[in-house]
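Open the structure in your viewer and keep the selection tool at hand. We will walk from stop to stop, and at each one you will hear what to select and what to look for there.

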Amino acid sequence: MVDVTDATFEEEVLRRSSEVPVVVDLWAPWCGPCTTLGPMLERAVGATEGAVTLAKVNVDENPEISAGFRVQSIPAVFALRDGAVVDQFIGALPEEAVRSFVERLVPVSSEADRLASEGRAAGDEDLLERALELQPDHPEAIVSLAELLIGRGATDEAMTLLQRIPETPETRRLLAEARLAANHTDLVETDVDSRLTGLLDRARDDPDAHQEFLDLLETLGPDDPRTVQYRKALAARLF
């Protein structure tokens with residue numbers, strides 16, 4: 001479960017829904033039925049063990065999301081897959097109905113899913129390629145195979161493969177790693193801080209230095225304090 005705001009809705013709901021179905025619960029603290037429905041949704045989504053995720057939106061604090069869904073009364077619940085609403089209901093429902101609503105969203109496992117899961121666990125390219133023969137845009141198989149390709153230096157092949165699926169934080173990271181590997185940047189051996197500092201003064205006028213700088217930040221991830229620090233430093237030089 002994640003609390004979503006107007007600022008994080010695109011990342012936490014729209015983009016996330018390309019990976020797993022997302023249930024959006026629009027509620028408010030003063031709404032009695034909302035406080036009854038919320039725990040039901042949490043239990044139902046939790047029972048899927050990650051196959052479905054829950055995003056809670058306080059409508060009083062996030063008017064843009066409410067306006068986007070054209071909400072006139074709460075609780076209001078929407079299910080999204082690949083950025084589009086696929087199911088919804090308004091008002092509190094009995095727990096059995098809530099559970100059924102969530103269970104309908106759970107993807108049915110296919111042979112491609114099985115091969116992708118086994119291939120990822122075993123690091124087996126053959127299994128992953130077999131999964132992609134059955135489903136060429138299978139996200140788990142593509143991401144897993146791209147990781148293996150980058151690891152053995154097949155960076156162009158990995159980047160081409162990643163273009164088959166919508167962009168996610170994971171695909172952005174892998175694309176960054178592939179570009180860095182293609183330029184012989186070893187993330188294990190590289191002193192990232194020193195490298196970022198050295199690229200900073202060149203990033204404004206050198207497109208290659210700019211891209212490498214951004215790729216290094218992508219591999220650090222949004223939770224690394226250096227990411228914010230160096231992004232601010234780059235902005236100061238560009239503008």
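Select Val77 in β4 and Phe89 in β5: the two are bridge partners. Helices (H or I, at least four residues) and strands (E, at least two) are DSSP runs, numbered from the N terminus, and two strands pair if DSSP finds at least two bridges between them. β4 and β5 run antiparallel to each other, with 6 bridges. Before going on, note that this is a predicted model, in which local features need pLDDT of at least 70 and side-chain atom pairs count only at pLDDT 80 or more, while totals for chains, interfaces and linings use all residues. Residues are numbered from 1 along each chain as its sequence is written, and side-chain values use heavy atoms, with hydrogens and water left out.

**The turn between β4 and β5**

Now select Asp82. This residue sits in the loop that runs between β4 and β5, a hairpin with 2 residues between the strands. What is the phi of Asp82 near? The value is near 55°, which is positive in a residue other than glycine. As background, most residues other than glycine have a negative phi, and most peptide bonds are trans. Asp82 is exposed, with a relative accessible area of 57%. Here buried means under 20% relative accessible area, exposed over 50%, and partly exposed in between (1.4 Å probe, protein chains only).

**The whole sheet**

Next, colour the strands. You have an open sheet of 5 strands in the order β1-β3-β2-β4-β5, and its pairing is mixed. The edges are β1 (2–3) and β5 (84–90), each of which pairs on one side only. Add helix α4 (residues 95–103): it packs on the sheet and touches β2, β4 (76–81) and β5, and its direction makes about 175° with that of β5. Contact means heavy atoms within 4.5 Å; axes are lines fitted to C-alpha atoms, for helices over the stretch in contact, and angles run from 0 to 180 degrees between N-to-C directions.

**Strand β2 and its two neighbours**

Select β2. Is this strand largely enclosed or open? Since 5 of its 6 residues are buried, β2 is largely enclosed by the rest of the structure. β4 is mostly covered, with 5 of its 6 residues buried.

On one side, β2 (residues 22–27) pairs with β3 (residues 53–58) in the parallel sense over 6 bridges. Click Val24 and you will find Ala55 of β3 opposite; Val22 has Thr53 of β3 as its bridge partner. To get from β2 to β3, the chain passes through helix α2 (residues 32–46), a β-α-β crossover that is right-handed: with the strands pointing away from the viewer, the path from the first strand over the helix to the second runs clockwise.

β2 also pairs with β4, in the antiparallel sense over 5 bridges. Val24 has Phe78 of β4 as its bridge partner, and Leu26 has Ala76.

**Two unusual backbone spots**

Select Ile74 and Pro75. A cis peptide bond joins them, with omega about 0°, and Pro75 is in the loop between α3 (63–69) and β4. Then move to Glu49, in the loop between α2 and β3. Its phi is near 55°, again positive in a residue other than glycine, and at 75% relative accessibility Glu49 counts as exposed.

**Aromatic rings**

The whole structure holds 4 aromatic pairs. Rings of Phe, Tyr and Trp (its six-membered ring) pair if their centres lie within 6.5 Å; planes under 30 degrees apart count as stacked, over 60 as edge-to-face and the rest as tilted. Select Phe69 and Phe78: their centres are 4.3 Å apart and their planes at 25°, so this pair is stacked. Both Phe69 and Phe78 are buried. Add Phe9 to the selection to see the cluster that ring pairs make of Phe9, Phe69 and Phe78.

Now try Phe213 and Tyr230. Their centres lie 6.1 Å apart with planes at 75°, so the pair is edge-to-face. Phe213 belongs to helix α11 (residues 207–220) and Tyr230 to helix α12 (residues 225–238), 17 residues apart.

**Last stop: helix α7**

Finally, select α7. Its buried residues, among them Ala141, Leu145 and Leu149, pack against α5 (111–122), α6 (125–134), α8 (155–162) and α9 (169–182). After α7 comes Gly153, with a positive phi near 90°.
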